[in-house]
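Visitor: Could you take me through one part of this structure up close? I'm new to this, so please go step by step and tell me what sits next to what.

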Amino acid sequence: MANFGDRQNEIYLAGLGGQVPAYPMSYDELERRAELAMSPGTWSYVAGGAGDERTQRANREAFDHWGLVPRMLRATTERDQSVELFGHRLPTPLLMSPIGVIGICTQDGHGDLATARAAAATGVPMIASTLTEDPMEVVAAEQGETPGFFQLYCPTDPEVAQSLVGRAEDAGYRAIVVTLDTWVTGWRPRDLSTANFPQLRGRCLANYFSDPVFRSRLAAPPDEDPGSAILAWAQMFGRPLGWDDLAWLRSLTDLPVVLKGICHPDDARRAVDEGVDGIYVSTHGGRQANGGIAAIDCLPAVREAVPDTTVLLDSGVRSGSDVVKALALGADAVGVGRPYAFGAALGGTDGIVHVLRNILAEADLLMAVDGYPTVPDLGPEAMRRL
């Protein structure tokens, strides 16, 4: 059985013929080269965070405060990173977190399709954003046999929300991930300094502009009067959700409903009591609120609060080591964001696949060397606070 760590053998053997990787192997170099490949506005939107970006840095640095305890004499040449998620057996515990501007990160302006194709190539599910350059149905068709999930920024118009969710279900997405922390946008100095909000320029609104209910709200089709369509979107974006809205959200679909942005154990318990199927611990990568706690440090208490519920995590994940730590601290699957966006900027689908395979290879080799050959072998006893 092949292991993800076999990737390093591929690279070394290719090196015997003078071939080196086409894309960076380190995150820092990936980030540096992606900045050169992106426009200043897109770069600031993807790389930036809220306020002085302290929470963004905290998300990253918090992983360094946790260490994996090595266990010896457990060596095995066959490892298994597969996990069960919402009734689907996945070959990896990795997810591609939703990125609302991934569509404009690639050189051809179709980053959502590039991400879907990378999902098909790697088995790593894509969580497709509400905000895409290509309609969700077109994106779903490129995901192959890899199940995809749909992230909902809930609009204020309930009929548009119902239409978006219904379309996602019809297109074959396997869960609805409701983002809770973006009913209003956070204070983002990098974006403000470039006066750039991509959606106000008509970017990444394909799901709205193709939606029959949204279009029924317009006096003219978006291609005839894009300015009015953009204004209608801006006035509709961002329903401030409360606990009373959960029953309505649950009624929109038979698919699993996951709440993204839960970081407090009491919120996690109540959400599960209200019928939610999954909890997604996330601080939006530090993009929405500054001065907060790192997501990875919130994870253990949330896991303890809802021991029988699927728990996901993102924010600050940059490497295979980060993925392993998150799994040990209680995540059932782990989302990565900026790294794959940077890979998309450098090489589209190939760049994303490169990043995902590197993360999976590092995770596999770390688990092998430290004596945790499968995901169930990991647990809180494997971690130490440094």
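Guide: Let's take a close look at helix 15 and its surroundings, and then follow the links outward. Keep in mind that this is a predicted model.

Start with the helix itself. Helix 15 runs over residues 320-328. Is it enclosed or open? Nine of its nine residues are buried, so helix 15 is largely enclosed by the rest of the structure. The buried set is Gly320, Ser321, Asp322, Val323, Val324, Lys325, Ala326, Leu327 and Ala328. Notice that Asp322 and Lys325 are on that list, next to residues such as Val323 and Leu327.

Now for the two ends. At the N-terminal end, Ser319 acts as a cap: one of its side-chain oxygens lies 3.4 Å from the backbone nitrogen of Ser321. On the other side, the helix is followed by Gly330, which has a positive phi, near 125 degrees.

Let's zoom in on Gly320, which belongs to helix 15. Its relative accessible area is 0%, and the cut-off for buried is under 20%, so Gly320 counts as buried. What does Gly320 touch? Leaving out residues up to four places away in sequence, its contacts are Ile359, Glu362 and Ala363. Those three numbers fall inside helix 16, which covers residues 338-369. A bit further along the chain is Met367: its C-alpha atom is 9.6 Å from that of Gly320, with the two positions 47 residues apart along the chain.

Next, pick Asp322 and look across to Arg60. Arg60 is part of helix 4, residues 54-62. The side chains of Arg60 and Asp322 make a polar contact of 2.6 Å. Arg60 also reaches a piece of backbone, with a polar atom of its side chain 3.0 Å from the backbone oxygen of Gly316. Not counting neighbours within four places in sequence, Arg60 is in contact with Gly316, Arg318 and Asp322. Is Arg60 buried, then, like Asp322? With 23% relative accessibility, Arg60 counts as partly exposed. Arg60 is also an example of how the fold brings distant parts of the chain together: Arg60 and Ala294 are 234 residues apart in sequence, yet 7.9 Å apart in space, C-alpha to C-alpha.

So what does helix 15 lean on? The backdrop is an open sheet of eight strands, in the order 4-11-10-9-8-7-6-5, with parallel pairing. Its edges are strand 4 (94-96) and strand 5 (127-128), each pairing on one side only. Helix 15 packs on this sheet and touches strand 4, strand 10 and strand 11, its direction making about 145 degrees with that of strand 11. Helix 16 packs there too, touching strand 4 and strand 11, and its direction makes about 170 degrees with that of strand 4.

Two of those strands deserve a second glance. Strand 10 (residues 310-313) and strand 11 (residues 333-336) pair in the parallel sense over two bridges. Within that pair, Leu313 stands opposite Val334. Leu313 has another role in the picture: the largest nonpolar core has 117 residues, and Leu313 is among those that touch the most other members, along with Tyr208, Phe214, Ile279, Val281 and Ile296. Helix 16 gives the most to this core, with 13 residues.

Stay with helix 16 for a moment, since other parts of the chain meet it. Asn358 lies in this helix. Its relative accessible area is 15%, so Asn358 is buried. Its contacts, apart from residues up to four places away, are Arg7, Pro24 and Met25. Gly5, in the segment before helix 1 (7-15), has contacts with Ala361, Asp364 and Leu365 once neighbours within four places are left aside. The C-alpha atoms of Gly5 and Ala361 are separated by 4.0 Å, although the two are 356 residues apart along the chain. Gly5 is buried as well, at 3% relative accessible area.

One last stop is His284, in the loop between strand 9 (278-281) and helix 14 (295-305). An unreviewed UniProt entry annotates His284 as "active site". At 13% relative accessibility, His284 counts as buried. Its side chain makes a 2.9 Å polar contact with that of Asp181, and its other contacts include Tyr153, Lys260 and Ser315.

How values were computed:
Residues numbered from 1 in each chain as written. Predicted model: local features only at pLDDT ≥ 70, side-chain atom pairs only at ≥ 80, totals over all residues. Heavy atoms only, no water. Pairing = 2+ DSSP bridges. Helix = DSSP H or I, 4+ residues; strand = E, 2+ residues; numbered from the N terminus. Contact = heavy atoms within 4.5 Å. Axes fitted to C-alpha atoms, helices over the stretch in contact; angles between N-to-C directions. UniProt positions renumbered as here; feature names shortened; annotations may be inferred. Buried < 20%, exposed > 50% of the residue type's maximum accessible area, 1.4 Å probe, protein only. Polar contact = N/O pair within 3.5 Å; in protein donor to acceptor, adjacent residues only side chain to side chain. Core = buried A, V, L, I, M, F, W, Y, C linked by side-chain atoms within 4.5 Å.
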